[in-house]
Amino acid sequence: MDPYIEKVRTINEKLDASPLAHVHSYGCQLNVTDGEKLKGLLSKMGYGFTDVPEEADLVVLNTCAVRENAEDRVFGNLGFLKHYKEMKKDMIICISGCMTEQKNVVEKIRSSYKYVDIVIGTNAFDRFPGYVHEVLSGRKHVYDESGPGTGVSEGNEQIRSSSFKASVPIMYGCNNFCTYCIVPYVRGRERSRKAEDILDEVRGLVADGYREIMLLGQNVNSYGNDLEDGIKFPELLRRINAIEGDFIIRFMSSHPKDAGKDLIDALADCEKAGHFLHLPVQSGSNSVLERMNRRYTAEKYLEIIDYAKSRCPDFTFSTDILIGFPDETDEEFEDTLKLIEKVRYSNIYSFIYSKRTGTKAALLEDRTPYSAKQERMQKLLELQRRITTEDYRKYIGKTLKVLVDGPGKGGEGTLTGKSSEFIIVNFKGDSSLTGQFVNVKITAARNWAVEGEQV
Ligand code: 5AD
Ligand code: SF4
């Protein structure tokens, strides 16, 4: 064990009450997982946890850099923390995650947010206890600017927020350099965890009663490209599927350029795989896809969707759409709407393009006014609402297997969960069913959800 974990623990044990930490993660599920690992380390160092930042002795803002508004929220919250720290002088403030891998952000913190004690990048778990120890021993600031790292650090226990849904990173980083995206710069190159480590973790989680295993990676389809054991993602899926137990396998995200028939065949064969595929298309226009460096065409994308529809007829699909990439024209955007009509997604995550310093797209001229991008977003949402409303009706009369998330919004006795197809299902039932699979017969379709009765 890291000797600094012991050292911090010894300091904390001398206090009258055990100190409290508050960890807030922004952004994607990979980042949430990192936050859970930081919590695991903090717990070993003797910290308890609080949801209330002003009560905490140590606050971690585990940041996201994918869009500007995520960064703005962090700087906003840092403003609040200054106020809390004025009242509680010993409060330790730590900024971790993707934002800290950008030189301009670290400079801004250094010059304008001097009350931040620790700045630590992604993949730096092994250095975190040492930094907490340094600050507790009187050092004012620790800025770790060693870059996103190249390794895979195993053995970091997580304090998971759910007792039945678990995220399992299978790889880190990204090699794709889509021209709009900051991820390759802040998370580094692709590196895969060993299949045996992943399988051991999943076996342990299933034995502990976890019912949903979410495999995570920036592009799970390139899993194993950097390993010598030859296991690629479809085979990993098959091996996880072979683990005994009642659980569902999900994964995020797949890059369409690497999503082949072997992936779809594995999904069709693995009875534990959710009947759902998230395949981010970003745009339906070939010229925009080329400017984005996505390395597939709309036709190629539709081919893989068509193959998936033929092999897995009850699957649903979701996607990410980037609206207003520099100089996207109305015609190019219309191509995106046409593609959406063809695929008929069950859900779309749409984002207005946000310029990221350091990426290739940041150098492009963008003559489209922001108001036009907002109008495009509205159009897209209206189309998607129509498709969802039409398509969700076909579930009426069918029975879906639902993993119950917990109490629903309809007051006492209502539950909500997600079906294998990743559709929100609301129904009546006792909250003791939380975390269990339940069969629900669908009776009605609502906006973005269906309703039913337990059978
Ligand atoms: N601006 C807006 N959205 C972005 N995404 C990635 N980079 C940007 C950016 N610069 C979106 C993409 C990706 C999702 C996770 O975030 O759609 O699939
Ligand atoms: Fe970003 Fe593209 Fe990598 Fe996804 S595949 S993380 S969008 S660079």
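Here's a quick tour of two ligand sites, one helix pair and a couple of backbone oddities in this predicted model.

**Around ligand 1**

Let's start with the shell. Ligand 1 is surrounded by V66, R67, Y180, Q282, D320, L322, F351, I352, Y353, S354 and R356. Sort those residues by class and you get six nonpolar, two polar and three charged. Two strands, β13 (316-323) and β14 (347-352), each put at least two residues into this shell.

Three polar contacts to the ligand are listed here:

| Ligand 1 atom | Protein partner | Distance |
|---|---|---|
| nitrogen | polar backbone atom of Y180 | 3.0 Å |
| oxygen | N or O atom in the side chain of Q282 | 2.7 Å |
| oxygen | N or O atom in the side chain of D320 | 2.6 Å |

How much of ligand 1 does the protein cover? On its own the ligand has 400 Å² of accessible area, and the protein covers 85% of that.

**Around ligand 2**

The residues around ligand 2 are C174, N176, F177, C178, Y180, C181, V183, P184, Q218, H255 and R294. This shell has seven nonpolar residues, three polar ones and one charged one. Y180 turns up here, and it's also part of the shell around ligand 1.

F177, one of the residues around ligand 2, has a backbone quirk too. Its phi is positive, at about 50°, even though F177 isn't a glycine. Most residues other than glycine have a negative phi. As for where to look, F177 is in the loop that runs between β8 (171-172) and α6 (183-187).

**A cis peptide bond**

There's a second backbone oddity to check out. Going from M252 to S253, the peptide bond is cis, and its omega is near -15°. Most peptide bonds are trans. S253 belongs to the loop between β11 (248-252) and α9.

**The α8 and α9 pair**

That brings us to α9 itself. How are helices α8 and α9 oriented, parallel or antiparallel? The axes of α8 (residues 233-241) and α9 (residues 261-269) come within 8 Å of each other and cross at roughly 10°. Angles under 35 degrees count as roughly parallel, so α8 and α9 are roughly parallel to each other. On the α8 side, the contact is made by F233, P234, L237, R238 and N241, while α9 brings D262, L263, D265, A266, L267 and D269. By class, the residues of this contact come out as six nonpolar, one polar and four charged.

Note on methods
Residues numbered from 1 in each chain as written. Chains lettered and ligands numbered in written order. Predicted model: local features only at pLDDT ≥ 70, side-chain atom pairs only at ≥ 80, totals over all residues. Heavy atoms only, no water. Axes fitted to C-alpha atoms, helices over the stretch in contact; angles between N-to-C directions. Helix = DSSP H or I, 4+ residues; strand = E, 2+ residues; numbered from the N terminus. Parallel < 35°, antiparallel > 145°, perpendicular 65-115°, else oblique. Contact = heavy atoms within 4.5 Å. Nonpolar A, V, L, I, M, F, W, Y, C, P; charged D, E, K, R; others polar. Near = heavy atom within 4 Å. Polar contact = N/O pair within 3.5 Å; in protein donor to acceptor, adjacent residues only side chain to side chain. Areas by Shrake-Rupley, 256 points an atom, 1.4 Å probe, with all protein chains shown as cover.
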